[in-house]
Amino acid sequence: MLAFDLLAQLGKNPSLAAAWQRVARLPEDRIALLLELYQNLPSGRTSSALADGLLKNFVDNPAFLEWAVRLVERLSAASLRRFFENLVVREMVEGQRVRQEFLAREGFEAPVTIVLNPTLACNLHCTGCYSYKMPRKGMDYALVRKVLGEARAMGVYLITVSGGEPFIYKHFFRMAEEFSDLQFMTYTNATLIDEELADRIAAVGNVMPAVSVEGFGEETDERRGVGVHDKVLRAMSLLRERGVMFGFSATPTRRNSDVLASDELLDYYLDKGVLFGWMFQYIPVGKDPDLSLMSTPAQREQLRAKTKEWQVTRPLFIGDFWNDGACVGGCLSATRYCYITPEGKVQPCTFVHFYTHDLHEHSLLEVFRSKFFRAIRGRQPYERNLLRPCKIIDAPEVLRELVAECGAQPSYEGAETILEDGEVRAHLDRYAAEWGRIADEVWQGPEYQGGDSVLVPFLGRINANQHFYRMRLDHAARERIEAGGGRPPERSGLAASRTRTK
Ligand code: SF4
């Protein structure tokens with residue numbers, strides 16, 4: 001019934017006419033597959049909310065409908081089926097039910113993804129990357145099994161795989177095959193993707209490569225090595241031919257941020273077939289961070305504005321890990337995700353290289369219940385302005401305090417540099433103040449309607465107070481009470497903001 005309602009309403013909307021005509025021209029087997037998948041959605045409130053959300057997005061945002069049509073046209077039947085069953089049905093619908101039970105039982109929100117780093121080994125040596133300075137031993141497969149089994153029990157069906165280069169990990173496909181009900185977003189330099197590897201990726205159907213690029217060929221080869229860009233293009237072509245869901249991932253630095261914020265570059269990769277894209281600012285972590293690589297606050301704002309524009313004008317799912325913090329209520333670390341090193345240490349996020357618990361001795365649930373993770377949740381959001389979400393670069397004193405308060409250890413030798421090196425500290429403090437001035441102006445401006453309203457991909461425009469602050473503040477307060485009081489986040493003015501929320 002829902003499918004027919006959806007199709008009927010789409011057909012009536014004149015602004016969607018072009019995309020709608022393409023829906024009508026999809027091959028019959030595609031339409032049949034779509035209807036089969038859609039009708040297999042479990043009935044219930046979450047499914048209805050999902051259908052309503054889809055419809056609203058299709059109507060509000062024609063680029064989103066074009067993206068959905070491209071998914072159906074381009075993905076192989078196996079990839080489309082896995083995408084729908086793992087991400088839509090399991091992660092969004094079934095996972096949501098499990099997470100609601102988790103919240104009722106534990107008193108805090110369950111993660112929505114886990115970043116698993118099975119190996120730090122890499123075949124490249126990119127400027128500014130910390131991975132080559134780390135131990136090379138891959139993760140025990142027994143630990144992979146434990147992590148994925150425990151994550152699934154918490155309602156997590158989307159696993160983010162990072163590295164090193166994940167396709168070097170010898171158990172990668174064993175993992176993807178054994179956990180075929182999980183979807184693996186895999187960050188890769190793509191240089192190892194030849195016909196044979198592309199065939200294997202296509203065959204499992206649940207691996208979505210996010211191919212690292214730095215810009216056009218010149219920028220990519222400058223940071224990653226001569227010839228890498230050609231290999232990237234070849235990999236994209238092989239993945240596209242096989243109907244694999246793939247996208248790009250980029251690290252904006254002072255050198256390439258302007259290029260990454262250009263329409264020309266985005267359209268170049270859209271033309272190569274990407275269906276999603278992620279931006280990850282260069283963060284000066286590791287033993288000898290290159291502070292000059294960090295993009296300037298002005299460049300960060302340029303990219304934020306561009307990403308928001310692309311979210312409604314280009315047919316891809318694109319997210320900026322920092323600047324879209326506003327779409328998810330701020331920092332996700334220790335809350336909606338964590339990061340697991342090859343040795344099993346659990347960091348609150350990919351970029352906070354400190355830990356207190358190891359999965360050889362603890363369960364994932366124990367880590368989320370730990371003092372360190374509770375203390376982090378007790379401080380979130382660190383700023384009322386959700387464009388300043390990060391305790392590393394936007395509120396660096398918060399990270400310093402949390403690590404000291406909880407006795408967190410560096411995950412590897414040199415990770416403590418970000419807290420202890422005077423030059424790095426001074427740089428981050430300056431950066432945070434400068435970005436804060438820009439971000440406050442934008443947050444108070446018309447785009448965010450005085451900080452009350454955020455445009456969220458898939459959800460449309462939502463009220464930030466209703467959706468985020470109330471939930472986050474309630475959770476934060478509960479964590480502080482359970483932790484025996486704790487220090488409220490005075491710096492953020494959150495106590496005052498309670499009275500302002502609507
Ligand atoms: S600490 Fe910063 S990098 Fe880590 S999840 Fe939070 S906002 Fe992102």
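This passage describes a strand and its partners, the surroundings of the ligand, and one loop residue in a predicted model.

Strand β4, which spans residues 207–213, has seven of its seven residues buried, so that it is largely enclosed by the rest of the structure. The burial extends to both faces of β4, with Val207, Pro209, Val211 and Val213 on one side and Met208, Ala210 and Ser212 on the other. Strand β3, formed by residues 183–188, pairs with β4 in the parallel sense over five bridges, and within this pairing Thr188 has Val211 of β4 as its bridge partner. Together with helix α9 (residues 195–204), β3 and β4 make a right-handed β-α-β unit. A parallel pairing over four bridges also joins β4 to strand β5, residues 247–250, where Ala250 of β5 is the bridge partner of Val213.

Around the ligand, the surrounding residues are Gly325, Cys331, Leu332, Ser333, Cys349, Phe351, Val352, Pro389, Cys390, Lys391 and Ile392. By residue class, this shell comprises eight nonpolar residues, two polar residues and one charged residue.

Gly273 is placed in the loop between helix α13 (263–272) and strand β6 (276–279). Because 16 C-beta neighbours lie inside 10 Å of Gly273, this residue counts as partly exposed. When residues up to four places away in sequence are not counted, Gly273 touches Met236 and Arg240. The C-alpha atom of Gly273 is separated by 7.8 Å from that of Ser237, although the two residues are 36 residues apart along the chain.

Methods: Residues numbered from 1 in each chain as written. Predicted model: local features only at pLDDT ≥ 70, side-chain atom pairs only at ≥ 80, totals over all residues. Buried ≥ 20, exposed ≤ 12 C-beta atoms within 10 Å, placed from the backbone. Helix = DSSP H or I, 4+ residues; strand = E, 2+ residues; numbered from the N terminus. Pairing = 2+ DSSP bridges. Right-handed = clockwise from strand over helix to strand, strands pointing away. Near = placed C-beta within 6 Å. Nonpolar A, V, L, I, M, F, W, Y, C, P; charged D, E, K, R; others polar. Contact = placed C-beta atoms within 7 Å.
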